[in-house]
Amino acid sequence: MKGKAWKFGDAISTDHIIPGRYFYLRSNLPELSKHLLEYERPSFIEKVSPGDFIVAGQNFGLGSSREHAAIVIKMNGIQAVLAKSFARIFYRNCFNNGLPAIICDTEKFSEGDEIELFVHEGKIVNYTRNETTLFTAVPPVMKRILSDGGLVEHVKKYKDLKLV
Amino acid sequence: MRRGSVKERRGIHMGMTLAEKILSEHAGKEVRSGEIVVVRVDLTYTQDGTGPLAVRKIQEMGLKEVYNPKKTIFFFDHASPSPRFELSNDHNFMRDFAEKTGSQVSEVGYGISHQVVAEREVKPGDIVIGADSHTCTGGALGAFATGVGSTDAAVAMALGKIWLRVPETIRVVVEGKLPTGVFAKDIILHLIGKITAAGGTYKALEFSGDTIQNLEMAGRMTIANMAVEAGAKVGLFPSDEITRSWLNCMGRSQDFRELSPDPDGTYEKTVMISAKELKPTIACPHQVDNTKTVDEIGDVKVDQVYLGTSCNGRLEDFQIAARILKGKKIHPKTRMVVTPGSRLVYLETLKDGTMETLIESGALAMTPGCGACVGLHEGVLGDGEVCLATQPRNFKGRMGSPKSFIYLGSPAVAAATAIEGKIADPRKYL
């Protein structure tokens, strides 16, 4: 599915994605999700459409382990997060929730570019620039979690961790 | 006949890092950096911001029990006591689940998860999984302690295992005597400034050198706690006589074992730090790697000083602040909030007069817990306000208004700053 690129800079922390001041909404995900990246980009949730991409710089998702950050990104219809690099807890949280986190050269995308992700082929097509970007392969363990629809679905299926 | 280890059978000697040793023991086979392993978990915990989601994930998996209830702990430390009814409801949701499954609860006011598990649970060589990024604090005791999200914690609770990639290790060697007024906090802030907030991503940090060997457990925990601020998975310390004597003090002498890396382990790189060249160091807004020495900081007026948190909420931290503040008053335009890391720490600061000194100087004491660090209560910052905090993190808006500014420094810097009402050098008070 094609989607639009929304560009962010380096070091976007989970505090930026969903601030600690909304801690009390963590058991009310529909309300919490309205505050996605609101300070970085006011009214972001009104601008994004299902299938769009967050495209960021280095160390996306650093800081707090709050999985709500990955969940509210997904709840707002974001198809995948593309970044030059990810913080490790956030990276796991994305795949655990069935949200691809793709490490690639995000300089190849500008705000508003129309792009399409092919996870298994390891490529992203930028229709606006008419260009294909290859990316670092998603580790097999992450592919497995994604193809099962997230870690909860994986455990439901196997009643165990069958990843290695 | 003894069969011998894999490396003996192969007839070659390949040393192991601390991370490889601990993960190999738990995987039941020799594993090396880069491999993916499924390992048994010794202890799993969540806090009140991540626990409710972990419980819902266990329920979504269709599971009703936890694997090892005695080693599954729900901490109430972030909203402690709860400032909002929604969070009180979350607490009750976790209490119910804990009761049904026989899991443990660390109630409101008992302290920060990482501090309490260090006091009561964590052993050298353990694998500890916590749904909180600062779980890496347990590395001070020689445990492979790492933070995860709620789903990974849910799996660890329900199945008693987790998958991990065996990390490459960056060796951090700190040598020499720390100058007066320079502490563990300055070592770790200096390190993060040097390697950056992404410099340790996916890696293990392993600390060694005579400065580290001479560092008390409180200082080791400060350093291990902030390993995640360099992106690292764990911040590991070998266990030694200091670890042993600390466990003895906690009434857990049986939990000690000596654990150190092999001398010929394979490291991705080595970072050398000369302790005698370090100065009091400050992380400036809004990133932990945006560091300056106190000499370079200039005139920064401060509205609030915050002493405590999982990084610096231990007796030694309060004692050094009290030494500086003894007989002095906090600047009239600055408030100082202090939050002990645990009930045990709180009692210690009361018994030895440390807390009395802090209160006499004008500080406000809060319930043991995460307090103001997460912007939830007990010292939330307003627009334009500046805070000097001993906490591990200074991201924009973390302590309240996105228009506030957080600087990080040692407890000594915090005390000197409270006196002067601006970021101040503690060396002149020591």
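Two residues are taken to be in contact when their C-beta atoms, placed from the backbone, lie within 7 Å. On that basis, in this predicted model, 47 residues of chain B touch 37 residues of chain A. Several elements of chain B share the job: β1 (36–40), α3 (51–60), α4 (85–101), α6 (150–159) and β7 (161–165) each put at least two residues into the side that touches chain A. The top contributor there is α6(B), with 5 residues. As for chemistry, the side of chain B that touches chain A is a mix of 20 nonpolar, 15 polar and 12 charged residues.

Away from the chain A contact, two helix pairs within chain B are worth a look. Packed helices are described by two numbers, the angle between their axes and the distance between the axes. Take α7 (residues 184–195) and α9 (residues 217–225) of chain B to begin with: they pack at an angle of about 20°, and their axes are 8 Å apart. Angles under 35 degrees count as roughly parallel, so α7(B) and α9(B) run roughly parallel to each other. Their crossing is right-handed. On the α7(B) side, the contact is made by Ala184(B), Lys185(B), Ile187(B) and Ile188(B), which meet Gly219(B), Thr222(B) and Ile223(B) of α9(B). Sorted by class, that gives 4 nonpolar, 2 polar and 1 charged residues.

How much of α9(B) is buried? The helix is mostly covered, with 9 of its 9 residues buried. The buried set in α9(B) includes Gly219(B), Thr222(B) and Ile223(B), the residues that meet α7(B). Also buried in α9(B) are Met217(B), Ala218(B), Arg220(B), Met221(B), Ala224(B) and Asn225(B).

The other pair is α12 (residues 315–325) and α15 (residues 411–420) of chain B, packed at an angle of about 30° with axes 8 Å apart. This angle also falls under the 35 degree cut-off, so α12(B) and α15(B) are roughly parallel to each other. Here, too, the crossing is right-handed. From α12(B) come Asp317(B), Ile320(B), Ala321(B), Ile324(B) and Leu325(B). Facing them, α15(B) offers Pro411(B), Ala412(B), Ala414(B), Ala415(B), Ala416(B), Ala418(B) and Ile419(B). The class tally for the α12(B) contact with α15(B) is 11 nonpolar, no polar and 1 charged residues.

How values were computed: Residues are numbered from 1 along each chain as its sequence is written. Chains are lettered from A and ligands numbered from 1 in the order in which they are written. This is a predicted model: local features need pLDDT of at least 70, side-chain atom pairs count only at pLDDT 80 or more; totals for chains, interfaces and linings use all residues. Helices (H or I, at least four residues) and strands (E, at least two) are DSSP runs, numbered from the N terminus. Ala, Val, Leu, Ile, Met, Phe, Trp, Tyr, Cys and Pro count as nonpolar, Asp, Glu, Lys and Arg as charged, and the others, Gly among them, as polar. Axes are lines fitted to C-alpha atoms, for helices over the stretch in contact, and angles run from 0 to 180 degrees between N-to-C directions. Angles under 35 degrees count as roughly parallel, over 145 as roughly antiparallel, 65 to 115 as roughly perpendicular and the rest as oblique. A crossing is left-handed if the near helix is turned anticlockwise from the far one by less than a right angle, and right-handed if clockwise. A residue is buried if 20 or more other C-beta atoms lie within 10 Å of its own, exposed if 12 or fewer, and partly exposed in between; C-beta atoms are placed from the backbone.
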